[in-house]
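Please follow the model below from its strands to its helices. The paragraphs take the elements in turn.

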Amino acid sequence: MALTKTIEIDGIPTTFKASAAVPRIYRIKFGRDIYKDLRQLEQAVGENDENASNLDMFSLELFEGLAWVMAKHYDPSIPDSIDEWLEQYNTFSIYQILPEIIKLWGLNIQSDVESKKNFAKVSGK
């Protein structure tokens with residue numbers, strides 16, 4: 001079951017969707033492992049403090065790609081170009097958005113694990 005979260009970014013409500021398809025979509029689009037990239041982003045952002053973060057341009061591109069995949073997963077009408085999608089915003093703060101995306105992804109993984117546990121109980125496995 002997919003989970004969604006709407007975040008207001010620069011006055012624009014933007015909905016992100018997390019499901020089992022996201023890692024596959026991300027891997028196909030970018031040729032990268034979403035789990036490794038999320039871990040790298042969490043470490044780079046640190047305690048979500050702009051002054052203490054270790055963000056470089058590559059980390060920002062990872063973040064933008066991740067956000068775009070999860071937004072496009074919810075709304076297929078979003079442009080196929082990340083640049084075109086980002087053009088609608090004046091600001092797109094990693095410090096505002098990344099923690100929310102990480103929470104959403106964590107809830108998705110948690111619900112997936114609980115579903116597997118419940119299936120095992122029902123099926124007797």
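In this predicted model, Lys 5 has Phe 16 of strand β2 as its bridge partner. The pair belongs to a wider ladder: strand β1, residues 3-9, and strand β2, residues 12-18, run antiparallel and are joined by seven bridges. In a regular strand, side chains alternate between the two faces of the sheet. The hairpin formed by β1 and β2 leaves two residues between the strands, and Asp 10 adopts a positive phi near 55 degrees there.

Next come two helices that pack together. Helix α2 covers residues 34-45 and helix α3 covers residues 57-74; their axes lie 10 Å apart and make an angle of about 125 degrees. Angles from 65 to 115 degrees count as roughly perpendicular and those over 145 as roughly antiparallel, so α2 and α3 are oblique to each other. The crossing of α2 past α3 is left-handed. On the α2 side, the contact is made by Ile 34, Asp 37, Leu 38, Gln 40, Leu 41 and Ala 44, while α3 supplies Phe 58, Ser 59, Leu 62, Phe 63 and Leu 66. Sorted by class, the residues in this contact between α2 and α3 are eight nonpolar, two polar and one charged.

The last stop is helix α5, residues 94-123, which contains Leu 107. Is this leucine buried, exposed or in between? The relative accessible area of Leu 107 is 47%. Buried requires under 20% and exposed over 50%, so Leu 107 is partly exposed. Leu 107 is also separated from Ala 2 by 105 residues in sequence, and their C-alpha atoms are 9.9 Å apart in space.

Conventions
Residues numbered from 1 in each chain as written. Predicted model: local features only at pLDDT ≥ 70, side-chain atom pairs only at ≥ 80, totals over all residues. Heavy atoms only, no water. Pairing = 2+ DSSP bridges. Helix = DSSP H or I, 4+ residues; strand = E, 2+ residues; numbered from the N terminus. Axes fitted to C-alpha atoms, helices over the stretch in contact; angles between N-to-C directions. Parallel < 35°, antiparallel > 145°, perpendicular 65-115°, else oblique. Left-handed = near helix turned anticlockwise from the far one by under 90°. Contact = heavy atoms within 4.5 Å. Nonpolar A, V, L, I, M, F, W, Y, C, P; charged D, E, K, R; others polar. Buried < 20%, exposed > 50% of the residue type's maximum accessible area, 1.4 Å probe, protein only.
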